[in-house]
Amino acid sequence: MGSIKTTARAIDSPVPGLVLVAAGVAVAMVVTWLLPSVSALTAAVLLGAVVANAVKLPVVFSPGIKLAGRRLLRLGIVLLGLKLVVRDVLALGYEVLALAVVAVVVTFVVTRWLGRVLGVSEGLSLLIATGFSICGASAVAAMNGVREQDEQDVAKALGLVTLFGTVAMFALPALHPLTGISPAAYGVWAGGSVHEVAQVVAAAGPVTGALAIAVAVKLTRVVLLAPMLAAVSVAERRRFPAAGRRPPIVPLFVVGFLVAAAVRATGLLPASVLSAATFVDNLLLAAGMFALGTAVNLRSLVRSGLPALTLGLLSTVLISLVALIGAFLIM
């Protein structure tokens, strides 16, 4: 009887899973150090998927993986607010700010509509629309925190946002000479369309004078994560009026994100604290991404087939065109 209880406690312990996650994060950081154009989040998702598809993970790892994929990830999203430099965003001017808002809203709404047309499940199209319009994998995870989806849909969305974000990262610098736009306009284009922050850096880096603008525009899109999550949460409350099923109007981790952004805006935090917070945030987000990556089933992703892949492609092309047209008009 005692041995059964001991075994049950061992299975319920998060330690084995957290050790596995920590190892995955360590490898992801090494990959990012060796290949700076690959973000730690992207590397972590891919590593988690590789591990899960190479071997069948024992059930003893589940509690720790679940902890990393929920609580640690949400804490990472809170700290993400400390990366926002509000004055840099405001310095872009109202035209660029308006373009960022238009790109996000149009991409989100049209992607949801295209998902229905293509027959993609409502939950998967919501995650794809969020990730492709805002900030990639972390936005997918944040939306899943507001409106929890099937693990396979989360994994598919992460796979698609990683795939098409990587394609955009290489495609935009290659297409830049054909557009004839200035470096500043290219920065607006890259920041307004590429999915992950690290991918924006990689896409804008080769064009002199584009990087700072690209990052500022990208962070403007990140700012829009909070109102989007709040809007979806309100919609969920209307869909499920029963008190037992209604999510909060603004989820707690979204409040934390906004508070962190407000604290950063005060300018009171020293550079050393911000640097440490950024490092910890990268670790937490990478841990969450690795955990979510372990839910990626390559067979299932392949079986999701043409509709989901087409939706990812069309969403990427859409936000790229909106951002490019806007850059032509305002720069």
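**View 1. Asn-144 sits in helix H8.** Here we zoom in on Asn-144, part of the run 137–146 that makes up H8 in this predicted model. Is Asn-144 buried or exposed? With a relative accessibility of 14%, Asn-144 counts as buried, because the cut-off for that label is under 20%. Skip the neighbours within four places in sequence, and Asn-144 is in contact with Leu-127, Gln-149 and Val-154.

**View 2. Glu-122 and Arg-112 pair up in a salt bridge.** How many salt bridges does a search of the whole structure find? The count is 1, and the side chains involved are those of Glu-122 and Arg-112, with an N to O distance of 2.4 Å. Glu-122 belongs to helix H7 (residues 122–133) and Arg-112 to helix H6 (residues 94–118), so the bridge ties together parts that are 10 residues apart in sequence. As for cover, Arg-112 is buried at a relative accessible area of 15%, whereas Glu-122 counts as partly exposed at 35%.

**View 3. Helix H4 bends at Ala-68.** H4 takes in residues 62–80, which is 19 residues. From first C-alpha to last, H4 reaches 26 Å, close to the expected 27 Å. Where does H4 bend, and by how much? Look at Ala-68, where the angle is about 35°. Ala-68 is also among the buried residues of H4. That buried set includes three glycines, Gly-64, Gly-69 and Gly-76, along with Ile-65, Leu-73, Ile-77, Val-78 and Leu-80.

**View 4. Asn-282 of helix H15 lies 9.8 Å from Ile-77, C-alpha to C-alpha.** In sequence, these two residues are 205 apart. Ile-77 is one of the buried residues of H4; Asn-282, which is found in H15 (residues 271–293), is partly exposed, with a relative accessible area of 27%. Which residues does Asn-282 contact once neighbours within four places in sequence are set aside? They are Met-29 and Lys-83.

**View 5. Helix H9 has a kink at Leu-172.** The kink is about 30° and comes shortly before the proline Pro-173. H9 covers residues 151–179, and its 29 residues should span 42 Å at 1.5 Å a residue. The end C-alpha atoms are 40 Å apart, which agrees with that expectation. Just after H9 comes Gly-180, whose phi is positive, near 75°.

**View 6. A nonpolar patch lies on the surface around Ile-330 and its partners.** The patch amounts to about 760 Å². Its members are Leu-313, Val-317, Leu-321, Ile-325, Phe-328, Leu-329, Ile-330 and Met-331. Ile-330 is placed in helix H16, which runs over residues 298–330. How exposed is Ile-330? Its relative accessible area is 31%, so Ile-330 counts as partly exposed, and it can join the patch because membership calls for over 30%.

**View 7. Zooming back out, the protein has 16 helices and 0 strands.** Of its 331 residues, 49% are buried. The protein exposes about 15100 Å², and carbon and sulfur atoms supply 72% of that area. Take the contacts between residues at least 6 apart in sequence: 79% of them join residues at least 24 apart.

Technical notes:
Residues numbered from 1 in each chain as written. Predicted model: local features only at pLDDT ≥ 70, side-chain atom pairs only at ≥ 80, totals over all residues. Heavy atoms only, no water. Patch = residues over 30% accessible without salt bridge, like charges linked within 9 Å, V, L, I, M, F, W, Y side chains within 5 Å. Areas by Shrake-Rupley, 256 points an atom, 1.4 Å probe, with all protein chains shown as cover. Salt bridge = Lys/Arg side-chain N within 4 Å of Asp/Glu carboxyl O. Helix = DSSP H or I, 4+ residues; strand = E, 2+ residues; numbered from the N terminus. Buried < 20%, exposed > 50% of the residue type's maximum accessible area, 1.4 Å probe, protein only. Expected span 1.5 Å × (residues − 1). Bend = angle between axes of the 7 residues up to and from the residue. Contact = heavy atoms within 4.5 Å.
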